[in-house]
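Let's take a walk through this one together, stopping at a strand, a few loops and some aromatic rings along the way. Have the viewer ready.

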Amino acid sequence: MSIKLCILVVALLLASATISLASEDPELTQCKQQCEPLKQVDKKEAKSCLQKCKDQEKQRRKGGGGGAEEVAENDEREREEVEREGGQTQRRNPYVFEDEHFFTGMQTQHGRLRILQKFTDRSELLRGIENYRVAILEAQPQTFIVPSHSDAETVVFVANGKGTVSSVLQESREGFNIKERRESFNIKEGDIFRVKAGTTTYLINRDNNERLVLVKLVQSVNTPGEFEVFYGAGGENPESFYRVFSNEILEAAFNTRSDKLERLLGQQKQGAIIKASQEQIRAMSAQGEGGIWPFRGESKGTNKHNLYEQRPAHSNQYGQLYEIDSNQFRQLRDFDVAISLANISRGAMTALHYNSRATKIGVVVNGEGYFEMACPHLSQSQGSSRWDESQGRSQGQTRSGTGYQKIQSNLKAGTVVVVPAGHPFVAVASNNQNLQILCFEINAYNNQKYTLAGKSNVMKQLEREAKQLAFGVPAREVDEVFNSQPEEFFFRGPRQGRTTA
């Protein structure tokens, strides 16, 4: 009898444990998952993160939270609102670029180069960045991108995959004697490197399975906002520029008969991205004058820098912000550009913030979500003034005060967003996956990032009298609002609910 009783007790305990696990608050589960990345950065911070998750669950239980069904309903309602409002505003705002705003600069069966339209083709509001273009190169595994040079300076971020970059450089000048050398280095996800204007460069995707995806910020050196790619190596496709010169010029230049030249320059017809054998990939991955420099991600300390190897500027359970500027990577100095990547945990959001002088060009590299921005240039339809795109100036005689329009749009991989200096901005990740936004910040020198909510924010620094006069309510009420958020830069998102009233 006692044995049966013991078996019954054990069975009841197991059933109770199963029910307990099955009924764990979905928000607690998600919160714990968001804490996982912190274990690789700071174990103490990860432990603190888990404790906050438990504290938040206790507060929800005391307040009788709505549970997973209510969160799902709120999520769906908010998504519908974003699609409705975002669809309307996107048709009349110049700050969001989708797939239809790219054109194909080059394509083969093994990859393609997509180029974003000129910013000023969309609006004169973007004249400040008219000399910059965004391009995305995608190459299938085990492929070779034909050598070329361009009339533009380029900064490249490796969004996915791994490869090898080779460039032909001028090493030194001794009178009229110019010594050239080839330098090669391996690249992987998170790497940033620069290609100088006029430098002959080629690369390979040395992975057997992964696509190589490069996001490029291009700065023209000839015509503002325009750049061209020049292929010397090639034939009919890509067309070699050697082919346009007369036979007598080529014969004299190469000291070679024209029939040999015609054969050399008439064979290649596969395009600029072609399949390579494993032996060829292995040879180009392992050789090169100047050598391969895999340690610390840099060749002689100057060729490249890995964004993910930086300690995050901000990090908590809701996201991480990685930043790099010319102080960490000198190659960015000539560009006056800083680069950052925000990894926003699913369901979380960034702080409302703005840049003091830098214009942000954001490229979504992974995930989904949405953003909102306050813009004074696109006034509400009932406002006293409007922006005339054709004239590039505000129409109307007077303005009774600054008015703002909410710029809102869904975000997905490949979306490009422009955030001008001074414009308050926020990004929110979907509940399904993290949202990763790569940002090129133009005019980065002396730029400051000001947060408008959170543990550190501009409004907390005002005197009591200034708060009362500015908001028209007692300073105590202002403090209650601006002191309520304990996190910094990354917060619990609107779809995750609030822990305080």
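**Starting from a tyrosine**

Y242 has a relative accessibility of 30%, so it counts as partly exposed. Keep in mind that this is a predicted model. Y242 is a handy place to start, as it has an aromatic partner: its ring and that of F254 sit edge-to-face, with 5.4 Å from centre to centre and 75° between the planes. The two residues are 12 apart in the chain, Y242 being in the loop between β12 and α6 and F254 in helix α6. F254 is also partly exposed, because its relative accessible area is 39%.

Stay in that loop for a moment. P238 is found there too, between β12 and α6, and the peptide bond leading into it from N237 is cis, with omega near 0°. That is worth a second look, because most peptide bonds are trans. F245 also has its place in the loop between β12 and α6. With 43% relative accessibility, F245 falls into the partly exposed class. Together with V244 and I249, F245 forms a nonpolar patch on the surface, and the three share about 300 Å² of accessible area.

Now back to the aromatic rings. How many aromatic pairs does the structure hold? The count is 11, and the Y242 and F254 pair described above is edge-to-face. That pair links distant parts of the chain, a loop and helix α6. Another one, Y308 with Y322, is edge-to-face as well, at 5.7 Å centre to centre and 80° between the planes. Y308 lies in the loop between β14 (304-306) and β15 while Y322 belongs to strand β16, so this pair ties together parts that are 14 residues apart in sequence. Are these two tyrosines buried or partly exposed? Y308 is partly exposed, because its relative accessibility is 28%, whereas Y322 has a relative accessible area of 13% and so is buried. F157 joins Y308 and Y322 to make one aromatic cluster.

Between β15 (314-316) and β16 (319-324) you'll find Q317 in the loop. Q317 has a relative accessible area of just 2%, so it is buried. Its side chain makes a polar contact of 3.5 Å with the side chain of Y318.

Next, turn to strand β5, residues 143-150, where seven of the eight residues are buried. Which strands does β5 pair with? One is β10 (residues 200-205), running antiparallel to β5 and joined by four bridges; there, T143 has N205 as its bridge partner. Another is β13 (residues 273-275), also antiparallel, with three bridges, and F144 finds its bridge partner in I274. Then there is β12 (residues 229-230), antiparallel again and held over two bridges, where S150 is partnered by V229.

Finally, two backbone spots to check. Most residues other than glycine have a negative phi. N443 has a positive phi near 70°, and F489 has one of about 75°. N443 is placed in the loop between β27 (435-442) and β28 (449-451), and F489 in the loop between α10 (475-482) and β29 (490-492). Their surroundings can be read from the accessibility: N443, at 29%, is partly exposed, while F489, at 3%, counts as buried.

Terms used. Residues numbered from 1 in each chain as written. Heavy atoms only, no water. Buried < 20%, exposed > 50% of the residue type's maximum accessible area, 1.4 Å probe, protein only. Pairing = 2+ DSSP bridges. Patch = residues over 30% accessible without salt bridge, like charges linked within 9 Å, V, L, I, M, F, W, Y side chains within 5 Å. Areas by Shrake-Rupley, 256 points an atom, 1.4 Å probe, with all protein chains shown as cover. Salt bridge = Lys/Arg side-chain N within 4 Å of Asp/Glu carboxyl O. Polar contact = N/O pair within 3.5 Å; in protein donor to acceptor, adjacent residues only side chain to side chain. Phe/Tyr/Trp six-rings, centres within 6.5 Å; stacked < 30°, edge-to-face > 60°.
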